[in-house]
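Please read this report with the structure open beside you. It goes from single ion pairs to helices, the chain contact and a pocket.

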Amino acid sequence: MSHKPPVRNVPGFTTEEVVSKIGFCEQLKGGVVMDVIDAEQARIAEDAGACAVMALERVPADIRKHGGVARASDPTIIEAIQKAVSIPVMAKVRIGHFVEAQMLEAMEVDCIDESEVLTPADEQFHVDKRVFKTPFVCGCRDLGEALRRIHEGAALIRTKGEAGTGNVVEAVRHMRALMSQIRALRGMDQKGLERTASELRVPVELVGWVAEHGRLPVPNFSAGGVATPADAALMMQLGAEAVFVGSGIFKSGSPEQRARAIVRAVTHFEDPKVLVEVSKNLGEPMVGIDINTLPQQERLAGRGI
Amino acid sequence: MLALQGDFAEHEAALRHCGLRCRQVRRSADLVGLAGLVLPGGESTTMLKLLDVEQMWQPLGAALRSGMPVLATCAGLILLAERVENPNQRSYGLLPVTVVRNGYGRQYHSGTFALVSDVLPPGTTGTFIRAPRITHTGPGCEVLARRDDDPVLVRSGAILAACFHPELALGHPVTARFAAAVRAHAGAAGRGAAAATAADCGA
């Protein structure tokens, strides 16, 4: 008799994709993914206890400052970072730019972030993530965006927040929206689920899965504006299972110390005493931006809906 | 289960499915009164840093040597190995194996593979994710399953260690085997309360 242990069933994913793509993302839980722009920063991140790094040419704060079209990083930078560390290396592609994604897969990047932080390449379609063997992470502002990305094949969802601002308010808004919409599905009858599915433009099976389990079928992380250990713990208490920190670490006064503190804050997110301890003497945090002063065209979260 | 970082929630679900009660271990005090211990998958470098900063390296070592059943998967196996390569890193040295981190390649090479074993049901598979590769086993290390020629499930004393992730499936025979060991240990130690009902794990 053949023994096939039952694996959770996720609409639109094969059993193998559930264990190998989503399973990879599960390994990152309780951890911190840090943005790095070179091998030295990557080593600092690994030494501080990052569970993965995001290889970039410029962190989001500098993308904002620099302006122009932000594209996938030079492969040389990604390769140097892959050589420097033993933890997973992620990299970003422009929304809809499936050729940049093909290139990252050819480089065996561990996870691809189809990211609103870069300038979108396609205003209508996201990358068809199902045809890739590499797991994808995508940003969302609410349940509709999350489920559309999962339907396209994303194995990991993160809040968009407002990257490069050092201001957590948008990440909080997006996580709260997501969680309250998930809660609202519980106990909904079939007609309600069908209506919701049609409003969100996703298959009813996916909405039904969320209603039944009370969560997304893939891990749910937070990103966009996390600058302090308290910000990271806030996102975890609001329901994130891990945290991406972009500009918050290497745009601060003492990156090593801040990186270590945020790693510890994510493990002990429910223990205010530990949070007090790790928050002492961290030096200057990155300078934040009030979202209300950002003109609409400079807000990244509205990209790729 | 050690809950510093990694897929401890998946282990918890898999063990609850087998009828065991679970507790998350984030500090030394959490180690008191356990009937078994799980070192989950995740990033071994992250876990090493946190074990140091929480001053848990010694207390966890004592718990691992106490003779209670231990299940270690992926990163957990790396923490226990005698020797770790690619790169060299510190480990407890309680499992007489040499292990190469990411020995099967990056995530692109992850996947589910057939296991060859005399002790697992025929057709049992294992999901390998950026998995460590065991290149050498020493005396006292029993190989329970192989992927092609490589040992991927090993036992040494009370430690059961897998390069793959049984916790990603409910009722995987490796989880069932560990759950049975926890029950036997709890029973022998007269601590029936620490292990729960003898629910069938489906394996």
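## A strand-to-strand ion pair in chain B

Arg133(B) is partly exposed, with 31% relative accessible area. This is a predicted model. Asp150(B) has a relative accessible area of 16% and is buried. The two residues form a salt bridge, and their closest N and O atoms are 2.8 Å apart. Arg133(B) lies in strand β7 (residues 133–137) of chain B, and Asp150(B) lies in strand β9 (residues 150–156) of that chain, so the pair ties together parts that are 17 residues apart in sequence.

## Buried ion pairs in chain A

Glu145(A) and Lys160(A) also form a salt bridge, with 3.0 Å between the closest N and O atoms. Glu145(A) lies in helix α6 of chain A, while Lys160(A) lies in the loop between β6 (156–159) and α7 of chain A, so this pair ties together parts that are 15 residues apart in sequence. Are the two partners buried or exposed? Glu145(A) is buried, at 1% relative accessible area. Lys160(A) is buried too, at 2%.

Glu17(A) pairs with Lys21(A) in another salt bridge. Here the closest N and O atoms are 3.8 Å apart. Both residues sit in helix α1 (residues 15–26) of chain A; because they are four residues apart there, about one helical turn separates them. Glu17(A) and Lys21(A) are both buried.

Over all chains, the count is 29 salt bridges.

## Where the chains meet

How many residues does each chain bring to the contact? Chain A gives 40 residues and chain B gives 45. The area buried between the chains is about 3400 Å². Carbon and sulfur atoms give 50% of that area.

Four salt bridges are counted between chain A and chain B. Glu54(B) forms a salt bridge with Arg264(A). The closest N and O atoms of that pair are 2.8 Å apart.

## Helix α2 of chain B

Helix α2(B) covers residues 44–53 and is mostly covered itself, with seven of its ten residues buried. The buried residues are Ser44(B), Thr45(B), Thr46(B), Met47(B), Leu48(B), Leu50(B) and Leu51(B).

What do these buried residues pack against? Some partners are in chain A: α2 (39–48) and α12 (255–267). The others are α3 (57–65) and α4 (75–80) of chain B. After the helix comes Gln55(B), which has a positive phi near 55 degrees.

## Helix α9 of chain A

Helix α9 of chain A spans residues 204–213. Its buried residues include Leu206(A), Val207(A), Trp209(A), Val210(A) and Ala211(A). The buried residues of α9(A) pack against three helices of chain A: α6 (143–151), α7 and α8 (190–200). Gly214(A) comes just after α9(A) and takes a positive phi of about 70 degrees.

## The surroundings of Arg64(A)

Arg64(A) belongs to helix α3 (residues 60–66) of chain A. Which residue 100 places away along the chain has its C-alpha atom 7.0 Å from that of Arg64(A)? The residue is Gly164(A).

Beyond its neighbours within four places in sequence, Arg64(A) contacts a run of residues: Glu162(A), Ala163(A), Gly164(A) and Thr165(A). Arg64(A) is also in contact with Ile289(A), Leu294(A), Glu298(A) and Leu300(A).

## The largest pocket

The largest pocket has a volume of about 480 Å³. It is lined by 25 residues, and those closest to its centre are Lys29(A), Met236(A), Gly239(A), Ala240(A) and Glu241(A). Elements that give two or more residues to the lining are α7 (169–185), α10 (229–237) and α12 of chain A, along with α1 (8–17) of chain B. The largest share, three residues, comes from α7(A).

The lining has eleven nonpolar, eight polar and six charged residues. Lys29(A) and Glu241(A), both listed among the residues closest to the pocket centre, also belong to a network of salt bridges. Arg8(A), Glu26(A) and Glu10(B) are linked in that network as well.

Definitions and conventions
Residues numbered from 1 in each chain as written. Chains lettered and ligands numbered in written order. Predicted model: local features only at pLDDT ≥ 70, side-chain atom pairs only at ≥ 80, totals over all residues. Heavy atoms only, no water. Buried < 20%, exposed > 50% of the residue type's maximum accessible area, 1.4 Å probe, protein only. Contact = heavy atoms within 4.5 Å. 1 Å grid on protein atoms, 1.4 Å probe; cavity = no way out; pocket = protein on both sides within 12 Å on 5 of 7 lines; lining within 4 Å. Points joined across faces, edges and corners; volume = space filled by probe spheres on them. Nonpolar A, V, L, I, M, F, W, Y, C, P; charged D, E, K, R; others polar. Buried area = accessible area lost by both parts, 1.4 Å probe. Salt bridge = Lys/Arg side-chain N within 4 Å of Asp/Glu carboxyl O.
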